[in-house]
Amino acid sequence: MEKLKIAGGYPLKGNIRVSGAKNSAVALIPATILADSPVTIEGLPDISDVRMLKALMEEIGGDVSFNDGEMIVDPSRMVSMPLPSGRVKKLRASYYLMGAMLGKFKKAVIGLPGGCHLGPRPIDQHIKGFEALGAHVTNEQGAIYLRADELRGARIYLDVVSVGATINIMLAAVLAKGRTIIENAAKEPEIIDVATLLNNMGAKIKGAGTDIIRIEGVENLNGCRHTIIPDRIEAGTFMILAAAAGEGIVIDNVIPQHLESVTAKLREMGVHVETSDDQIFVAPGKEYKAIDIKTLVYPGFATDLQQPFTSLLTKAEGTSVVTDTIYGARFKHIDELRRMNAKIKVEGRAAIINGPVTLQGAKVKASDLRAGAALVIAGLMAEGITEVTGLEHIDRGYSHLVEKLSGLGATIWREEMTKDEVEQLKN
Ligand code: EPU
């Protein structure tokens, strides 16, 4: 088991490249199940969630290769193998196997998904959608059993705007008979990316990226080639990091429109941000002032960037309030930031940050993926050495982070943990 060590306080500059979007990747890979011939996806990030899904595709009979970010999945020998436990429990996005396998085989058994612990993460809207399409769904001993004689298009209103439910219902509906309409759909760019892949495979989906998605069911889907969109959350993490510890950083391979809310919030606090076609330049301002942030569904400020942003706000003059309306308990990183001298308290769904303070290096633990990103940023800002454990969370979503940050001049490295340290971590 490894930990991350960061010697903070060195100014970072240069270029950093964003990888393919994790939250697209984890849906695009299961979507390949729906095809009858090989699908190629280019630009996938080299992260553990992608490797886990590759293994799951192989477990159900897929023939899969993955080199240099290009995955080729031949689904022609896949079967509806029950997956009640094992790898499915390790990632949240294994719920997309439900929609894809139900759509293709009309039956599936999938263990309830794992992933980051951000408070309750129900999947009732996914199930509501599957049932509306004609599936019989039961929950038996921690696994969801789905079965349908046939799937028929339906009009489905989502009571909660959900990325996962929107994509999962699309996956289940593309091969259903007739028309499906998803109302109050989520509008995240990852949803458009998945719809683009499915349409290239022969599906008929209209309206992805708006709150009404219309799907005409088709008989079958074929292989195709697809290039994934850049990861807007990784890009946002780098923008925040550039504001926190940079001296002028160019972020390459971005779609600036996906990052408008982050750009606006950085500018509001006094950060210099310039955008061009597929690059964003971020340079520190003279002084940072406190701001308030409220997370919202896209195109609002992403909950996934709330945690990294709290680290940056420790540098701002005054009191900032960060409210998470999506995951009200996504604040496990706050105690760790406090160990580093941050003056933050949590009240309900809000973190209240008083600044400016100079962060101090400390031993901290990443409890989830974006908490990990927040702590890495804090470590780069801090005086002295920071040790971050819980790297398995960071590795789920950030591809080659140490190499990328070293390229900016950061002093950051991975180190094997001693037996005692591993024991301490368990307690
Ligand atoms: N919700 C329900 N019922 C449902 C589904 C969702 O009540 O059936 C609630 C959730 O509890 C939450 C809100 O609706 O309060 C939004 O959840 P959503 O379904 O949109 O989240 P998700 O699909 O499970 C994805 C990303 C998350 C990201 C959220 C919000 C993936 C694999 N995960 O999760 O990403 O935080 O959307 O944008 O796409 C991350 O990357 O670190 C991460 C956690």
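I take contact to mean heavy atoms within 4.5 Å, and with that in hand I turned to helix α9 in this predicted model.

Helix α9. I find that α9, residues 306-313, lies across β17, β18 and β20, and that the helix runs at about 175° to β18.

The sheet beneath the entry above. I looked up how the strands are ordered and noted an open sheet of four strands, β17-β18-β20-β19, in which the pairing is mixed. The edge strands, each pairing on one side only, are β17 (292-295) and β19 (343-347). Averaged over neighbouring strands of this sheet, and with direction ignored, the turn of one against another is 15°.

The pair β18 and β20. I then asked how many bridges join β18 to β20. There are six, between residues 318-324 of β18 and residues 350-355 of β20, and the two strands run antiparallel. For Val321 I recorded Ile352 as the bridge partner in β20.

The whole protein. Stepping back, I counted 14 helices and 23 strands in the protein, whose C-alpha trace spans about 60 × 45 × 40 Å along its principal axes. I checked the radius of gyration, which is 22 Å, and this agrees with a compact globule because one with 427 residues would have a value near 22 Å.

Burial and contacts. Of the 427 residues, 57% count as buried, while the protein exposes about 16,900 Å², with carbon and sulfur atoms supplying 49% of that area. Among contacts with a separation of 6 or more, I noted that 71% are accounted for by residues 24 or more positions apart.

Note on methods:
Residues numbered from 1 in each chain as written. Predicted model: local features only at pLDDT ≥ 70, side-chain atom pairs only at ≥ 80, totals over all residues. Heavy atoms only, no water. Pairing = 2+ DSSP bridges. Axes fitted to C-alpha atoms, helices over the stretch in contact; angles between N-to-C directions. Rg over C-alpha atoms; globule rule 2.2 N^0.38 Å. Buried < 20%, exposed > 50% of the residue type's maximum accessible area, 1.4 Å probe, protein only. Areas by Shrake-Rupley, 256 points an atom, 1.4 Å probe, with all protein chains shown as cover.
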